[in-house]
Amino acid sequence: MPLLLLLLFGGLVQRGASTGDPFELQMSAGCRLHTGKASESFLNGAYQGSDFLSFQGNSWYPSPGAGSRARKVCEMLNRYQDIKEIVKSLIGYICPQFLAGILEAGKAELGRQVRPEAWLSADPSPGPGRLRLVCHVSGFHPKPVRVTWMRGEQEQRGTRRGDFLPHADGTWYLRVTLDVAAREAAGLSCRVKHSSLGGQDMVLHWGGNSALLTLSGLAAVVTLLALPVVHTCCKKRSSNRKAPAPSPDSPMGTNTPKPRTSGHQLYTPQESWVKNRFLEKLKASLNRLWRR
């Protein structure tokens, strides 16, 4: 339909101009929706780069300053009543309904809020004595997000933001890096601002592994201190058990266990099980720490 109007417009302008020289025509049409108000529609035409005419209500009108040629073209266009009805229907009814349908269909997507997930890691070292810290933010919607490396309330210079990468569910992923000297990494944090957080920023502090290592070390010390107590209890329990009387048929001293000496200690099954269990747990904890 716009192409048909443009051709008709061009034919009438050419008739009004009475010349075969090339000329330029432009046309724009559309509608606007206002909250709580009626919709607004428009159709404007230009000739040789200047405003020429417009469609308002149910008629064509020349633009101010367009001259007699515009008036003649509008008079000829206004004779086509069927075309005027079609134009009025297109920009006055169909366009607003179509636009309202698009906005309604996209309202759920436009208002969708998904909280981000965030975690910290370190990339391969950029040089001796330096660290490349990485703040990962994933699964957030809508797209606008602010991720910064901070020391206290001061934003750190040198923060580099990667590209936004889309997930299949329509959410986004972003990584933000910071290169620092290894001795200056303590006290840094990554701050995430997003509309889904309700004004409460997400803050991740670098150095969580150090705290975990300290707790694991304390647990290991407590366990080591408890071993002598367990050892003593096991000795008392084993000493209270009565050994079976030797068989009269067996010679004394042949199968009799030798007494314990200060250089060789015999461990009861309970003692061996406790120590092996502790060593297994300590090894597993250290492996998990080193993998971080």
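Contact here means heavy atoms within 4.5 Å. Keep that in mind as you open this predicted model, and let's walk through it.

**Stop 1: the sheet and its helix**

Select residues 81-110, which make up helix 3. This helix lies across strand 1, strand 2, strand 3 (50-56) and strand 4, and its direction is at about 45 degrees to strand 1.

Now color the four strands beneath your selection label by label. They form an open sheet in the order 1-2-3-4, and the pairing is antiparallel. Which strands stand at the edges? Look at strand 1 (25-32) and strand 4 (59-62): each has a single partner strand, so one side of each is left without a neighbour in the sheet. On average, neighbouring strands here are turned by 20 degrees against each other, direction ignored.

Zoom in on strand 1 and strand 2 (residues 40-47). These two run antiparallel and are joined by 8 bridges. For a handy landmark, show Arg32, which stands opposite Glu40 in strand 2.

**Stop 2: aromatic pairs**

Next, show the side chains of Phe, Tyr and Trp. The model has 4 aromatic pairs, counted where ring centres lie within 6.5 Å. One of them is Tyr47 with Phe52, a tilted pair with 5.5 Å centre to centre and 55 degrees between the planes. Are these two residues buried or exposed? Both Tyr47 and Phe52 are buried.

Then move to Phe164 and Trp172. Their ring centres are 6.4 Å apart and their planes stand at 90 degrees, so this pair is edge-to-face. Add Phe140 to the selection and you have one aromatic cluster of Phe140, Phe164 and Trp172. While you are there, display Lys143 too: it lies over the face of Trp172, at 4.5 Å from the ring centre.

**Stop 3: the nonpolar cores**

Finish with the nonpolar cores. The largest has 19 residues, and Val147, Trp149 and Val192 have the most contacts inside it, so select those three to find your bearings.

Which elements give two or more residues to this core? They are strand 6 (130-140), strand 7 (146-151), strand 11 (172-181), strand 12 (188-193) and strand 13 (202-205). Strand 11 gives the most, with 5 residues.

For your last selection, pick Leu53, Ala66, Met76 and Leu77. These are among the 16 residues of a second, separate core.

Technical notes
Residues are numbered from 1 along each chain as its sequence is written. This is a predicted model: local features need pLDDT of at least 70, side-chain atom pairs count only at pLDDT 80 or more; totals for chains, interfaces and linings use all residues. Side-chain values use heavy atoms; hydrogens and water are left out. Rings of Phe, Tyr and Trp (its six-membered ring) pair if their centres lie within 6.5 Å; planes under 30 degrees apart count as stacked, over 60 as edge-to-face and the rest as tilted. Buried means under 20% relative accessible area, exposed over 50%, partly exposed in between (1.4 Å probe, protein chains only). A charge sits over a ring if NZ of Lys or CZ of Arg is within 6 Å of the ring centre and within 35 degrees of the ring normal. A nonpolar core is a set of buried Ala, Val, Leu, Ile, Met, Phe, Trp, Tyr and Cys residues joined through side-chain atoms within 4.5 Å. Two strands pair if DSSP finds at least two bridges between them. Axes are lines fitted to C-alpha atoms, for helices over the stretch in contact, and angles run from 0 to 180 degrees between N-to-C directions.
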